[in-house]
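These are my notebook entries on one chain, set down in the order in which I looked things up.

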Amino acid sequence: HIGDPRFDSWEVVRDFEDLESAQAWRQHLDEAGIECVLTSDWPLDRFGRGDVALRVPPGRWSEAEEVLGEF
C-alpha cells in the first residue's frame, strides 16, 4: 500500500529497504495468523527498493514481535 492513510494508525513492527525482504517477514506473520500489511509513503524504485514498513493493527505489536523474534 503506497501512501494509504488507512494504515497510519497501524503499528510499525519493522522497517525494510527492499520489498523482497519485507515480503518474507510479512509471510511469517501471515502464517502465524497475524493480520499485517506492507506500506510505503512513496513508490519504490524499479528494483523494489525504498522505505517499506511492516505494520500490524493497533494492539498487535507485541504479538508480532514475539513471532518475528523466533526467526
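**Overall layout.** I counted two helices and three strands in the chain, and, reading from the N terminus, I noted the order β-α-β-β-α. The radius of gyration is 12 Å against the 11 Å that the globule rule gives for 71 residues, so I recorded the chain as being as compact as a globular protein of that length. I kept in mind throughout that this is a predicted model. The C-alpha trace spans about 30 × 25 × 15 Å along its principal axes, and buried residues make up 32% of the 71 residues. Of the contacts with a separation of 6 or more, 71% are accounted for by residues 24 or more positions apart. I also noted an exposed area of about 4700 Å², of which carbon and sulfur atoms supply 46%.

**Helix H1.** I checked the length of H1, residues 19-31, against expectation: at 1.5 Å a residue its 13 residues should span 18 Å, and the end C-alpha atoms are 18 Å apart, which agrees. At the N-terminal end I found Asp18 as the cap, with a side-chain oxygen 3.4 Å from the backbone nitrogen of Glu20. After the helix comes Gly33, for which I noted a positive phi near 85 degrees.

**Thr39.** Is Thr39 buried or exposed? I found that Thr39, which belongs to strand E2 (residues 37-39), has 10% relative accessibility and therefore counts as buried, the cut-off being under 20%. Its side chain makes a polar contact of 2.8 Å with the side chain of Arg55. Beyond neighbours within four places in sequence, the residues in contact with Thr39 include His1, Phe7, Asp51 and Val52.

**Salt bridges.** I counted four salt bridges, and looked at three pairs in turn.

- Glu65 and Arg14 meet through their side chains at 2.4 Å, N to O. Since Glu65 lies in helix H2 (residues 61-69) and Arg14 in strand E1 (residues 11-18), the pair ties together parts that are 51 residues apart in sequence. I noted Glu65 as partly exposed at 23% relative accessibility, and Arg14 as partly exposed with a relative accessible area of 26%.
- Arg49 pairs with Asp45, the closest N and O atoms being 3.2 Å apart; Arg49 is partly exposed at 46%, and Asp45 is partly exposed at 33%.
- Glu63 pairs with Arg60, with the closest N and O atoms 2.7 Å apart; I entered Glu63 as partly exposed at 39% and Arg60 as partly exposed at 24%.

Definitions and conventions. Residues numbered from 1 in each chain as written. Predicted model: local features only at pLDDT ≥ 70, side-chain atom pairs only at ≥ 80, totals over all residues. Heavy atoms only, no water. Helix = DSSP H or I, 4+ residues; strand = E, 2+ residues; numbered from the N terminus. Expected span 1.5 Å × (residues − 1). Polar contact = N/O pair within 3.5 Å; in protein donor to acceptor, adjacent residues only side chain to side chain. Rg over C-alpha atoms; globule rule 2.2 N^0.38 Å. Buried < 20%, exposed > 50% of the residue type's maximum accessible area, 1.4 Å probe, protein only. Contact = heavy atoms within 4.5 Å. Areas by Shrake-Rupley, 256 points an atom, 1.4 Å probe, with all protein chains shown as cover.
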